[in-house]
Amino acid sequence: MAGAKRLGRIPPYLFAEIDRKVQEKKRAGVDVISLGIGDPDLPTPGRIVSVLQETAADPSNHRYPSYFGLADLRESIARWYSDRSGVELDPSTEILPTLGSKDGISHAPLALVDPGDIVLAPDPGYTVYMTGAIMAGADPFVMPLTEANHWLPDLDAIPADVAQRARLMWLNYPNNPTAATADRQFLERAVEFCARHDIVLCHDAPYSEIAFDGYRPLTLFEIPGAKEIGLEFHSLSKTYNMTGWRIGWVCGRADLVKVIGQLKTNIDSGIFQAVQWAAIEALNGGEEETRAANAVYLRRHRLVADTLNKIGWNVKPPRATFYVWAPVPEGYDSIRFAGHVLDEVGVNITPGVGFGPHGEGYFRLSVTAPDARLQEAMTRMGTLKL
Ligand SMILES: *Cc1c(COP(=O)(O)O)cnc(C)c1O
């Protein structure tokens, strides 16, 4: 059984090959340190776990939840967004809780675009933008992110006929994998471009709260006009160390939120209510834990930058995200370099090409390993022969 043709259009999953190599090393007794995955090592704050424990024991939470999330959750999200960004969202029409933001991101094209429509997606980028478009029968069109453009797509380089056929554009700032941030001017231009070409602007913002040194990333709806054309995808995964819990939301223009909701009623049956109560607790509990986690990430970022700079790089800690994005040394492509680091020092990093062809020449490293492990990884990387 070969599977459906549409699956054949999805590029091979490069990380699977790396995974295989890592497993092989581990079986051979190598103590592999993984800096390959963007998954916080810090635990979910205790107050959130406690609410899950209490509400999981309550039978009223054991039945099918509402498709559209508890009203209390949508209200908490609206309050969070307003406190955070100074923008009011209508909890009944402009917010839809999702099973993690990946749920919203992967299904948005299925709800919003038709076969043959173009979906604009950044490369390098989170691979789900591409695969979601392919699953919906749309044609993905790559917007290259380059160092020269500060990892922001060059909107002027999008051909007129492509802009004409495009129905959806993905942006993601603070960015995975490049750790780049977008300024107000760029986001204003993106909103203007999408409005002019009747494109739904989809902003994926799971790192909106992972930022350092007083930097506060912009959310999409802080840009005038954005709510008339856009959606924003949020997640509790990175902000509250809740990747395993599967909860996030999509918000923005009401009719767009509505069709995603309509699609999802045919796919899933909502989010376990106890997880929703825990999310309410998370969102209402203030920023203290996120601030503390960010202090940890920044300290780790400084350690990584110091180590890499000692062995020949010239990197600065980023302003946001828990990723380090840096060029591979001369003479390597990104897969060979990741293989070399794994072979020589037993540290797993991600080759940039895994995020798309334009990621070639770079690697990504995540600072989401416990301090002692990251320290050990850096000690080992300091001995790398390049
Ligand atoms: C982690 C991540 C997500 C997915 O987060 P979930 O809410 O856990 O599904 C989405 N987009 C990007 C860019 C991410 O890095």
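Domain bounds here come from an automatic or database domain assignment. With that settled, the protein splits into domain 1 (5-44 + 288-381) and domain 2 (46-285).

Some ground rules before you start. This is a predicted model, in which local features need pLDDT of at least 70 and side-chain atom pairs count only at pLDDT 80 or more, while totals for chains, interfaces and linings use all residues. Residues are numbered from 1 along each chain as its sequence is written, and side-chain values use heavy atoms, with hydrogens and water left out.

**Exercise 1. The two domains**

Work out how many residues of domain 1 are in contact with domain 2.

Solution. Start with the centres: the C-alpha centres of domain 1 and domain 2 are 25 Å apart. Next, count contacts, meaning heavy atoms within 4.5 Å. On the domain 1 side 33 residues take part, and they meet 42 residues of domain 2.

**Exercise 2. The cores**

Find the largest nonpolar core and say where it lies relative to the domains.

Solution. First, the terms. A nonpolar core is a set of buried Ala, Val, Leu, Ile, Met, Phe, Trp, Tyr and Cys residues joined through side-chain atoms within 4.5 Å. Buried means under 20% relative accessible area, exposed means over 50%, and partly exposed is in between (1.4 Å probe, protein chains only).

Now the search. The largest core has 62 residues, and those with the most contacts inside it are Leu120, Ile158, Met169, Leu171, Phe186, Leu201 and Leu236. Domain 1 and domain 2 both give residues to this core, so it lies between them. A second, separate core has 35 residues, including Phe212, Val304, Val324 and Ala326.

Zoom in on Leu171: leaving aside residues up to four places away in sequence, Leu171 touches Met143, Pro153, Phe186, Leu187, Ala190, Leu201, Cys202, His203 and Asp204. As background, nonpolar side chains in soluble globular proteins tend to be buried together.

**Exercise 3. Cysteines**

Count the disulfides, then explain why Cys194 and Cys251 are not bonded.

Solution. The cut-off for a disulfide is a pair of cysteine sulfur atoms within 2.5 Å. By that rule, the count is zero. For Cys194, the closest cysteine sulfur is in Cys202, 8.9 Å away, which is too far for a bond. For Cys251, the closest cysteine sulfur is also in Cys202, at 11 Å, again too far for a bond. As for burial, Cys194 has a relative accessible area of 0% and is buried; Cys251 is buried as well, at 0%.

**Exercise 4. Aromatic rings**

Classify the ring pair Trp325 and Phe355, and place both residues in the chain.

Solution. Rings of Phe, Tyr and Trp (its six-membered ring) pair if their centres lie within 6.5 Å; planes under 30 degrees apart are stacked, over 60 edge-to-face, and the rest tilted. The structure holds 20 such pairs. The centres of Trp325 and Phe355 are 6.3 Å apart and their planes are at 70 degrees, so this pair is edge-to-face.

To place them, use DSSP runs, numbered from the N terminus: helices (H or I) need at least four residues and strands (E) at least two. Trp325 is in strand β9 (residues 323-327), while Phe355 is in the loop between β11 (350-351) and β12 (362-366), 30 residues apart, so to speak linking distant parts of the chain. Both Trp325 and Phe355 are buried.

Tyr332 and Phe337 make another edge-to-face pair, with 5.5 Å centre to centre and 70 degrees between the planes. Tyr332 and Phe337 are buried too. Elsewhere, ring pairs join Trp80, Tyr81, Phe221 and Trp249 into a cluster.

**Exercise 5. Backbone oddities**

Locate the cis peptide bond from Asp123 to Pro124 and the positive phi of Trp151.

Solution. The bond from Asp123 to Pro124 is cis, with omega near 5 degrees, and Pro124 lies in the loop between β3 (118-123) and α6 (128-135). The bond from Tyr173 to Pro174 is also cis, with omega near -10 degrees; Pro174 is in the loop between β5 (166-171) and α8 (184-197).

On to phi. Trp151 is not a glycine, yet its phi is positive, about 65 degrees. Trp151 is in the loop between β4 and α7 (160-165) and is buried, at 11% relative accessible area.
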